[in-house]
Amino acid sequence: MVQNHFTATGIVFNEKKEILMIKHNKLKVWLPPGGHIDENELPDDAVLREIYEETGIMAEIISEKQGLSLSHEGCRELERPFTILLEDIEGDGTHNHIDLIYLCRAQAGELKPQASEVNDIGWFGVERILELETYENVILTVLKAEAYLRDMQKR
């Protein structure tokens, strides 16, 4: 039986353009903060909750909305993820994470790792992230996110 779980991850930038990374207790690798989207929770809310719970940092999503002028009160536009990955957790296709990855900006807070899930925490430049023990998809996504943010600032 295949299990698909929706997750939300935040690539969080600070004012120095460094990226917030956690060393995950169970996986023993460095990752951007994130986790499962709770039942009945919106992905926008989940990513910000996970960032705060795991790191103590309050963040905001760097908006990817299309700016639709919706007039009906029963409909609103959610934040659009930077990318969505299908991550095969067990390596056999039976347990997948559908990971909605958002670009975020740190707003406030001090680094405070969630002891039950986080072994270490820090802000890293892209060059340093390339040296961390992590997954290929993390490195590729971080590189794309950093380039996208740089291009966005040129506009």
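Which residue takes a positive phi just after α1? I looked it up: G56 does, at about 80°. I note at the outset that this is a predicted model.

**Helix α1**

I went back along the chain to the helix itself. It covers residues 43-55. I counted 13 residues in α1. From the first C-alpha to the last I get 18 Å, close to the 18 Å expected at 1.5 Å a residue.

Next I asked which residues of α1 are buried. My list reads P43, D44, A46, V47, R49, E50, I51, E54 and T55. I then checked what these buried residues pack against. The partners are strands β1 (3-13), β2 (19-24), β4 (34-36), β5, β7 (95-108) and β8 (118-124). For reading such a list I keep one rule in mind: residues three or four places apart in an α-helix point the same way, because there are 3.6 residues a turn.

**E50**

I picked E50 from the helix for a closer look. Is E50 buried or exposed? E50 counts as buried because its relative accessibility is 7%, and the cut-off is under 20%. I set aside residues up to four places away in sequence and searched for contacts. E50 touches G34, G35 and H36. Those residue numbers match the range of β4, 34-36.

**E79**

I moved on to a glutamate in a loop. E79 sits between β5 (58-61) and β6 (83-88). Its relative accessible area is 15%, so E79 is buried as well. What does the side chain of E79 reach? I found the backbone nitrogen of E64, at 3.4 Å. I also found a polar contact of 3.0 Å between the side chains of E79 and S63.

I then listed the contacts of E79, leaving aside neighbours within four places in sequence. They are D44, I61, S63, E64, K65 and Y102. One of them, D44, is among the buried residues of α1.

**M58**

My last stop was M58, in strand β5. How accessible is M58? I got 44% relative accessibility, so M58 counts as partly exposed. Its contacts, without neighbours within four places in sequence, are Y52, R105, A106, Q107 and A108. I also took a C-alpha distance from M58 to D99. The two residues are 41 apart along the chain, and their C-alpha atoms are separated by 20 Å.

Notes:
Residues are numbered from 1 along each chain as its sequence is written. This is a predicted model: local features need pLDDT of at least 70, side-chain atom pairs count only at pLDDT 80 or more; totals for chains, interfaces and linings use all residues. Side-chain values use heavy atoms; hydrogens and water are left out. Helices (H or I, at least four residues) and strands (E, at least two) are DSSP runs, numbered from the N terminus. Buried means under 20% relative accessible area, exposed over 50%, partly exposed in between (1.4 Å probe, protein chains only). Contact means heavy atoms within 4.5 Å. A polar contact is a pair of N or O atoms within 3.5 Å; within protein, one must be able to donate a hydrogen and the other to accept it, and residues adjacent in sequence count only if both atoms are side-chain atoms. The expected span of a helix is 1.5 Å times one less than its number of residues.
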